[in-house]
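Me: I'm new to this one and would like a close look at a single part. Could you walk me through the charged side-chain pairs, and add whatever helps me place them?

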Amino acid sequence: MSRRRRSQSLRRRGSQRTLSLVAILFIFALTLAPPVKNYFTQRAQISALESQLASDNSALVAAQQELERWKDPSYVKSQARERLHFVLPGERQYIVTGVDGNNEPAPTTKVEDQLPQGQPWYTKMIASITEAGK
């Protein structure tokens, strides 16, 4: 009987050791889980900020290049002529409209076609405003 008790006590010790080892590993995993999660979250934030920094740097370079272009008097002059329609003294400026070659009358709107003939002008106006708001 003593052998039987010994073997049972050894089994108990072995199962107790296994149980205590599993409990220690579980507590260890619970202890490490939040810092590991925080680490990966912070790494994701760092990579997002690095990509934002790279895009901001490229925008900064583009802005610096545009600033250098604006320092050139000929560029400023060309932009004033193009954007603001400035002309030098003694020059005449002509603005040509309808360059696309379409000399056809403007197409009628849907609203005008949908209204019955003989309606007052204000009905057409209200219908046109309503259609434009859609």
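Reply: Let's start with Arg81, which is partly exposed, because its relative accessible area is 32% and that value falls between the 20% and 50% cut-offs. Keep in mind that this is a predicted model.

Arg81 has a charged partner: its side chain meets that of Glu91 in a salt bridge, with 3.0 Å from N to O. Arg81 sits in helix 2, while Glu91 belongs to the loop between helix 2 and helix 3, so this pair ties together parts that are 10 residues apart in sequence. Glu91 is partly exposed too, with a relative accessible area of 35%. As a bit of background, side chains of opposite charge can pair when their charged atoms come close.

How far can you trust this region? Helix 2, which covers residues 73–84, is where confidence is highest in the protein chain, with a mean pLDDT of 92. Helix 3 (residues 110–114) is where confidence is lowest, at a mean of 65. For the whole protein chain, the average pLDDT is 84, and 78% of the residues score at least 70.

How many salt bridges are there? The count comes to 2. Besides Arg81 and Glu91, there is the pair of Glu68 and Lys71, whose closest N and O atoms are 3.4 Å apart. Glu68 is partly exposed, at a relative accessible area of 48%. Lys71, at 56% relative accessibility, counts as exposed, because its value is over the 50% cut-off.

Now that the charged pairs are in place, the aromatic rings are worth a glance as well. The count of aromatic pairs comes to 3. One of them joins Tyr39 and Phe40: the ring centres are 5.3 Å apart and the planes stand at 70°, so the pair is edge-to-face. Tyr39 is partly exposed, with 48% relative accessibility, whereas Phe40 counts as exposed at 55%.

Trp121 and Tyr122 also form an edge-to-face pair, with 5.9 Å from centre to centre and 85° between the planes. Here Trp121 is exposed, having a relative accessible area of 61%, and Tyr122 is partly exposed at 43%.

So, back to where you came in: if you want one spot to find on the picture, look for Arg81 in helix 2 and follow its side chain to Glu91 in the loop between helix 2 and helix 3. After that, try Glu68 and Lys71, the other salt bridge pair.

Definitions and conventions: Residues are numbered from 1 along each chain as its sequence is written. This is a predicted model: local features need pLDDT of at least 70, side-chain atom pairs count only at pLDDT 80 or more; totals for chains, interfaces and linings use all residues. Side-chain values use heavy atoms; hydrogens and water are left out. pLDDT is the predictor's confidence in each residue, from 0 to 100. Helices (H or I, at least four residues) and strands (E, at least two) are DSSP runs, numbered from the N terminus. A salt bridge is a side-chain nitrogen of Lys or Arg within 4 Å of a carboxyl oxygen of Asp or Glu. Buried means under 20% relative accessible area, exposed over 50%, partly exposed in between (1.4 Å probe, protein chains only). Rings of Phe, Tyr and Trp (its six-membered ring) pair if their centres lie within 6.5 Å; planes under 30 degrees apart count as stacked, over 60 as edge-to-face and the rest as tilted.
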